[in-house]
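Subject: Structure handover

Hello,

Here is the structure you asked for. Please open it alongside this note, which goes through the findings one by one.

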Amino acid sequence: MHVPDADVLSPLTLDGHFTFHDAPAMARDFGNRCSLLPAAVLHPGSVSDIAAAVGHVFSLGERSPLTVAARGHGHSLMCQSQAAGGIVVKMESLRGDRLQVVHGGGVPPFVDAPGGELWINVLHETLKYGLAPKSWTDYLHLTVGGTLSNAGVSGQAFRHGPQVSNVNQLEIVTGRGDVVTCSPEENADLFYAALGGLGQFGIITRARIALEPAPKMVRWIRVLYSDFASFTEDQEMLIMAEKTFDYIEGFVIINRTGILNNWRTSFKPQDPVQASRFQSDGRVLYCLELTKKFNGDDVDTMEQEVTALLSRLGYIRSTMFHTDVTYLEFLDRVHTSEVKLRAQGLWEVPHPWLNLLIPRSSIQIFAKEVFGKILKDSNNGPILLYPVNKSKWDNRTSVVIPDEEIFYLVGFLSSAPSLSGHGSVAHAMNLNNQIVEFCEEADIGMKQYLAAYTTQQQWKAHFGARWETFERRKHTYDPLAILAPGQRIFPKASLPLSL
Ligand SMILES: Cc1cc2nc3c(=O)[nH]c(=O)nc-3n(C[C@H](O)[C@H](O)[C@H](O)COP(=O)(O)OP(=O)(O)OC[C@H]3O[C@@H](n4cnc5c(N)ncnc54)[C@H](O)[C@@H]3O)c2cc1C
C-alpha cells in the first residue's frame with residue numbers, strides 16, 4: 001500500500017499539528033487483536049483543523065488512498081478507530097476547553113461537550129451544578145463521540161433510552177470537510193445518521209447532551225436467582241413498571257462459587273447468617289443488579305420504596321446484598337476494576353468480546369442453549385444480560401436493533417490473558433462462534449452490537465431493510481468513503497478491503 005509522506009499534508013496550516021512517531025500507538029485498541037498502522041496522527045488544535053484535514057483529503061480525490069479515522073479513547077474491539085496508511089485524528093486533543101453546562105433560563109439543562117471528551121469528565125463538570133446526563137455506559141473512560149457513534153447502553157436505557165436518545169444537537173465535520181450543526185430541527189438527516197453511525201458520516205466535534213438533577217447517593221442492590229425464567233420475568237416486570245428502580249441490569253454466573261465471597265467485601269448481606277449458608281453448588285446463577293437514588297434526607301422513603309419493590313420479586317431470599325455509595329462512585333464503578341486489573345497486568349490483554357441484542361421472544365431458548373450447553377465453565381469475564389424497551393430507541397438513528405418491543409443486551413466480555421487453553425483468544429472465539437452460529441441457525445432475529453464484520457455483504461445483512469438509507473447517507477455525507485475505514489463497511493475506491 002502506498003503510504004503518503006509528510007509532503008501530502010504540508011499544504012495544511014493548522015492550529016494543532018501532525019506527528020508521525022506515535023503512529024504505532026494509534027495502531028492499538030482495547031480489543032488488542034488487530035493493528036493497522038496509520039501514516040500520520042493529527043492532534044487538532046481546533047475544529048477547523050479537523051475540517052481542513054478532511055477537506056484536504058477530499059480534495060485529493062478518490063485516487064488518493066488516504067482515509068481519516070477519528071480516535072476517541074481507542075476502546076474499540078477490532079480496529080474500528082484505526083486507519084491503515086491514513087490519518088488518525090486524536091479527538092482527545094480537543095477536550096476540556098469547550099465543556100459547558102447550561103441551566104436555568106427556562107430551558108431544560110444541557111451540557112455542550114467536545115466529541116473527544118471522556119464521559120467521566122462530563123460527569124465531574126455537570127456534578128458541579130448538581131446535574132448529570134441521564135443515560136450512561138457501564139464504563140465512563142470512553143469518549144462522547146465514540147459512544148454516540150455506537151449507541152451507549154447501560155442500566156438506565158430502559159427508562160431514558162440509550163445515549164443516542166439523549167442528544168439535542170451535534171456539530172459535525174462531514175466527509176467533505178464541511179462543519180455542520182445539526183439537530184432534530186436542523187439538518188435532521190445528518191443528525192440521525194451520525195447517531196449510531198459508526199463514524200461513517202462525519203466526525204462529531206461537539207454534542208449537546210440532556211441533563212437531569214443528580215442524586216447524591218444510590219443504594220446498589222444485588223440479588224440472585226437460580227431460575228432463568230423468574231430472573232427475566234422480574235427484570236421485564238421492573239423495566240415496564242411505572243414506579244421502579246433507576247438502574248436495572250443483570251449478569252450470569254457460571255460454575256463459580258467465589259463470586260459470593262467477592263460480594264462480601266463491598267456489599268452487605270441483608271441477612272449475614274442466611275447468606276453465609278448459601279451454596280451455589282455449581283449451579284448457573286443469575287444476578288439482578290439494581291439501584292435506587294437518594295439524597296440523604298429521604299433515606300426512609302427510599303428504603304420503603306426498595307422494600308416494596310423487592311417484595312414483588314422471586315429471588316433467593318438469602319442472597320440479598322446491598323451497599324450505599326455516592327452517585328459518582330456508582331457510575332465510575334468499572335474504573336475501580338480497571339485499576340485492579342491494570343495492577344495485575346490483566347487490562348491490556350486481548351478482549352474477544354461478543355455483544356448481542358436478543359429479542360425477548362427468544363431469550364429463553366437462547367439461555368437454554370448458551371448457558372446450558374455451550375458455556376460449561378466460568379467465563380473469563382462478566383456476562384451481562386438485561387432487557388430494554390424498543391420504544392426508547394429512535395428508529396431514525398443509524399443504530400440497528402431487533403424488531404421486538406423488548407430485547408435483551410447480552411454481553412460476553414471475555415479477557416484472553418493466555419496464549420493457549422481456557423484463557424486464550426482461540427478458546428473465547430470458538431465459544432463466540434458457537435453462540436453466533438446457534439443464533440443464525442435458530443433464526444432468532446439477533447443483532448450484534450459493536451459488530452466487527454469484515455465484508456459489505458455481512459454489513460448489508462446486519463442493516464437489512466435499513467441498508468438503503470445507510471448507503472444513501474454515506475453517498476451524501478462521505479461520498480469518497482474517507483471516514484472510519486476501520487469499520488470495513490465502505491472501501492475507499494482505491495483501497496482493497498482487507499486487514
Ligand atoms: C471497559 C469497557 C466497557 C464498555 N461498556 C460499554 C457499555 O456499558 N455500553 C456501551 O454501549 N458500550 C460500552 N463499551 C463500548 C464502547 O461504547 C466502545 O468501546 C466505543 O468504541 C467507545 O470507545 P471510544 O470512545 O474509545 O471510541 P473509539 O473506539 O476510539 O471509536 C469508536 C468508533 O467511533 C469512531 N469515532 C470515535 N470518535 C468519534 C467522533 N468524535 N465522531 C465520529 N466518530 C468517532 C471511531 O472512528 C470508531 O469507528 C465499553 C467499552 C469498554 C472498553
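Strand E17 (residues 383–389) pairs with strand E18 (residues 406–412). The sense is antiparallel, and the pairing runs over seven bridges. To find the register, look at Ile383, which stands opposite Phe412 in E18. Please keep in mind that this is a predicted model.

How many of the seven residues of E17 are buried? Seven of the seven are, so the strand is largely enclosed by the rest of the structure. In a regular strand, side chains alternate between the two faces of the sheet. Both faces of E17 are covered. On one side sit Ile383, Leu385, Pro387 and Asn389, all buried. On the other side sit Leu384, Tyr386 and Val388, also buried.

**The disulfide**

The count comes to one disulfide. Cys34 and Cys79 form it, with their sulfur atoms 2.1 Å apart. The pair links distant parts of the chain, 45 residues apart. Cys34 is in the loop between E1 and E2. Cys79 is in the loop between strand E3 (68–71) and strand E4 (87–90). A disulfide is a covalent bond between the sulfur atoms of two cysteines.

Are these cysteines buried or exposed? Cys34 has a relative accessible area of 15%, so it falls under the 20% limit and counts as buried. Cys79 is at 0% and is buried too. Two other cysteines are worth a look. Cys182 is buried, at 0% relative accessibility. Cys439 is buried as well, at 3%.

**Asp29, beside the disulfide**

Asp29 lies in the loop between strand E1 (17–19) and strand E2 (40–43). Asp29 touches both Cys34 and Cys79. Its other contacts include Gly74, Ser76, Leu77, Met78, Gln80 and Gln82, leaving out residues up to four places away in sequence.

What about its charge? Asp29 is buried yet has no salt bridge. The nearest side chain of opposite charge is Arg71, 6.4 Å away. A salt bridge needs the charged atoms within 4 Å, so that distance does not qualify. The side chain of Asp29 does make a polar contact, at 3.2 Å, with the side chain of Gln82.

**Salt bridges**

How many salt bridges does a search of the whole structure find? It finds 19. Here are some of them.

- Arg208 and Asp112: their side chains meet at 2.9 Å, N to O. Arg208 is in strand E10 (residues 202–213) and Asp112 in strand E6 (residues 110–114). They are 96 residues apart, so this pair links distant parts of the chain. Arg208 is partly exposed, at 21% relative accessible area. Asp112 is buried, at 7%.
- Glu289 and Arg222: this salt bridge is also listed at 2.9 Å, N to O. Glu289 lies in strand E14 (residues 285–294) and Arg222 in strand E11 (residues 217–225), so the pair ties together parts that are 67 residues apart in sequence. Both residues are buried.
- Glu348 and Arg342: the closest N and O atoms are 3.1 Å apart. Glu348 is exposed, at 54% relative accessibility. Arg342 is partly exposed, with a relative accessible area of 41%.

The Arg208 and Asp112 pair belongs to a network of salt bridges that links Asp112, Arg206 and Arg208.

**Backbone angles to check**

Two residues other than glycine have a positive phi, and they are listed here with their settings.

| Residue | Phi | Place | Relative accessible area |
|---|---|---|---|
| Asp443 | near 50 degrees | loop between helix H14 (425–442) and strand E19 (447–449) | 66%, exposed |
| Arg488 | near 55 degrees | segment after helix H16 (467–477) | 6%, buried |

Why does Asp443 count as exposed? Its relative accessible area is 66%, and the limit for exposed is over 50%. Why does Arg488 count as buried? Its relative accessible area is 6%, and buried means under 20%.

Best wishes

Key: Residues are numbered from 1 along each chain as its sequence is written. This is a predicted model: local features need pLDDT of at least 70, side-chain atom pairs count only at pLDDT 80 or more; totals for chains, interfaces and linings use all residues. Side-chain values use heavy atoms; hydrogens and water are left out. Helices (H or I, at least four residues) and strands (E, at least two) are DSSP runs, numbered from the N terminus. Buried means under 20% relative accessible area, exposed over 50%, partly exposed in between (1.4 Å probe, protein chains only). Lys and Arg count as positive and Asp and Glu as negative; His and the chain ends are not counted. A polar contact is a pair of N or O atoms within 3.5 Å; within protein, one must be able to donate a hydrogen and the other to accept it, and residues adjacent in sequence count only if both atoms are side-chain atoms. Contact means heavy atoms within 4.5 Å. Two strands pair if DSSP finds at least two bridges between them. A disulfide is a pair of cysteine sulfur atoms within 2.5 Å.
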